[in-house]
Amino acid sequence: MKLVRYGHPGQEKPGLIDAAGQLRDLSSLVGDIGPDQLGDAALESLRQHDTSTLPAVEGSPRLGSPLTGTRKFIAIGLNYADHAAESGLPIPAEPVVFMKATSCIQGPNDAVMLPRGSVKTDWEVELGVVIGTRARYVAEGEALSHVAGYCTINDISEREYQIERGGTWDKGKGCDTFGPLGPWLVTRDEVPDPQNLGMWLDVNGRRMQTGSTRTMVFSVARIISYVSEFMTLEPGDVITTGTPPGVGLGMKPPVYLKAGDTMALGIEGLGEQRQVVVAFQR
């Protein structure tokens, strides 16, 4: 299934995209798409319904984040060897784990706002993993069974805050609007191999990133198993798994986003995003 949430910010309704690409309203079946709807039993219950009987949603409403109620937004750094190289950093021996603020989560096509005074805001197309069932000290071979589904994420990053301001990376990763998710949450039964997905990102129509999850240093299963050693993963938690090369930081000279720029990005089978960059607003 391709699950979505649509409508004005804070007033989103649950929906799904049917086999013909039609948006259909799920409100008669679930109140929203959040932690309680992400377990295997809940998803199977939805899957049993004839989607053709659900009301079609006309027009092109705004899409919000495809899930709500995320309590942890976990990120993995330097998870593609060629991205580590362009960043001037060694390939990590263990996954690099940091946090993005849940307050940065937004819809896939909402505007991205530059932080006040920012001159080094950057882009990163990434595979997002949404946890469906509680995971604590899970074995790598069992890890994917805890996944509800996958989504496209733009892990937007302010490099000065991340690298030059001391302390952890979190300061450059969790600014408002820095976590576009979606357009869909694609359930794991439709993604048989998360390690074989093409991905890309354009800025102002110019291809910046082209990659594949095949070249991850640490697989999705390894990441879930590893992170579950340090924190319990709960339904609705999101893990963003790293980016391939082609970020602005790695260019010579570096290139960063400015107001008026447009980003377009996507992952094979998981849908596309498009964001306009805007100046800081209170």
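**Entry 1: Thr262**

Leaving aside its neighbours within four places in sequence, which residues is Thr262 in contact with? I looked this up in a predicted model, and I found Asp202, Val203, Asn204, Arg274, Gln275 and Val276 on the list. Thr262 itself sits in strand β17, which covers residues 262-267. I noted a relative accessibility of 16% for Thr262, and because buried means under 20%, Thr262 counts as buried.

**Entry 2: the sheet around β17**

Next I wanted the sheet that holds β17. Five strands make an open sheet in the order β7-β18-β17-β14-β15, and the pairing is mixed. The edges belong to β7 (112-113) and β15; each has a single partner strand, so one side of each has no neighbour in the sheet.

I then went through the pairs:

- β7 and β18 (residues 271-278) are parallel, with two bridges between them. Here I found Met113 opposite Val278 of β18.
- β14 and β17 are antiparallel and share five bridges. Val203 faces Met263 in β17.
- β14 (residues 198-203) and β15 are also joined, by six bridges, and run antiparallel. Gly198 has Ser212 of β15 as its bridge partner.

A reminder to myself: strands of a sheet pair through backbone hydrogen bonds, either parallel or antiparallel.

I also checked the turn. The hairpin of β14 and β15 has two residues between the strands, and Asn204 there takes a positive phi near 55°. Asn204 had already come up among the contacts of Thr262.

**Entry 3: Thr215**

Following the chain on from β15, I stopped at Thr215. Thr215 lies in the loop that runs between β15 (206-212) and α4 (220-227). Is Thr215 buried, partly exposed or exposed? With a relative accessible area of 41%, Thr215 is partly exposed.

Its side chain reaches back to the backbone oxygen of Ser212, at 3.1 Å. Ser212 is the residue of β15 that I had just written down as the bridge partner of Gly198. Not counting residues up to four places away in sequence, Thr215 touches Asn79, Tyr80 and Ala81. I also took one C-alpha distance: Thr215 and Pro95 are 120 residues apart along the chain, and their C-alpha atoms are separated by 14 Å.

**Entry 4: helix α4**

The loop of Thr215 leads to α4, which I looked at next. How many of the eight residues of α4 are buried? Seven of the eight are, so α4 is largely enclosed by the rest of the structure. I listed the buried residues as Val220, Ala221, Ile223, Ile224, Ser225, Tyr226 and Val227. What do they pack against? I found β4, β5 (96-100), β9 (125-131), β10 (147-154) and β16 (238-240).

**Entry 5: Ser65**

β4 also bounds the loop where I looked up Ser65: this residue falls between α1 (40-47) and β4 (73-77). Ser65 counts as buried, because its relative accessibility is 6%. A polar atom of the Ser65 side chain is 3.0 Å from the backbone oxygen of Leu67. Residues up to four places away in sequence aside, Ser65 touches Arg5, Ile105, Gln106, Gly107 and Leu181.

**Entry 6: the cavity**

Then I turned to empty space. I found one cavity of 30 Å³ or more in the structure. The largest cavity holds about 130 Å³ of space. Its lining has 19 residues, and Leu78, His83, Glu124, Gln162 and Trp169 are the closest to the centre. Two elements give two or more residues to this lining, β4 and α3 (159-164). Which of the elements gives the most to it? That is α3, with three residues. By class I noted seven nonpolar, seven polar and five charged residues in the lining.

**Entry 7: the pocket**

My last stop was the largest pocket, with about 170 Å³ of space. I wrote down its lining as Met1, Lys2, Leu16, Ile17, Asp18, Ala19, Leu46, Arg47, Thr51 and Glu190. The elements that give two or more residues here are β2 (13-17) and α1. The lining divides into five nonpolar, one polar and four charged residues.

Definitions and conventions:
Residues are numbered from 1 along each chain as its sequence is written. This is a predicted model: local features need pLDDT of at least 70, side-chain atom pairs count only at pLDDT 80 or more; totals for chains, interfaces and linings use all residues. Side-chain values use heavy atoms; hydrogens and water are left out. Helices (H or I, at least four residues) and strands (E, at least two) are DSSP runs, numbered from the N terminus. Buried means under 20% relative accessible area, exposed over 50%, partly exposed in between (1.4 Å probe, protein chains only). A polar contact is a pair of N or O atoms within 3.5 Å; within protein, one must be able to donate a hydrogen and the other to accept it, and residues adjacent in sequence count only if both atoms are side-chain atoms. Contact means heavy atoms within 4.5 Å. On a 1 Å grid over the protein atoms alone, a cavity is a set of points where a 1.4 Å probe fits but cannot get out, and a pocket is an open set with protein on both sides within 12 Å along at least five of seven lines; lining residues have an atom within 4 Å of a point. Grid points are joined across faces, edges and corners, and a volume is the space filled by probe spheres set on the points. Ala, Val, Leu, Ile, Met, Phe, Trp, Tyr, Cys and Pro count as nonpolar, Asp, Glu, Lys and Arg as charged, and the others, Gly among them, as polar. Two strands pair if DSSP finds at least two bridges between them.
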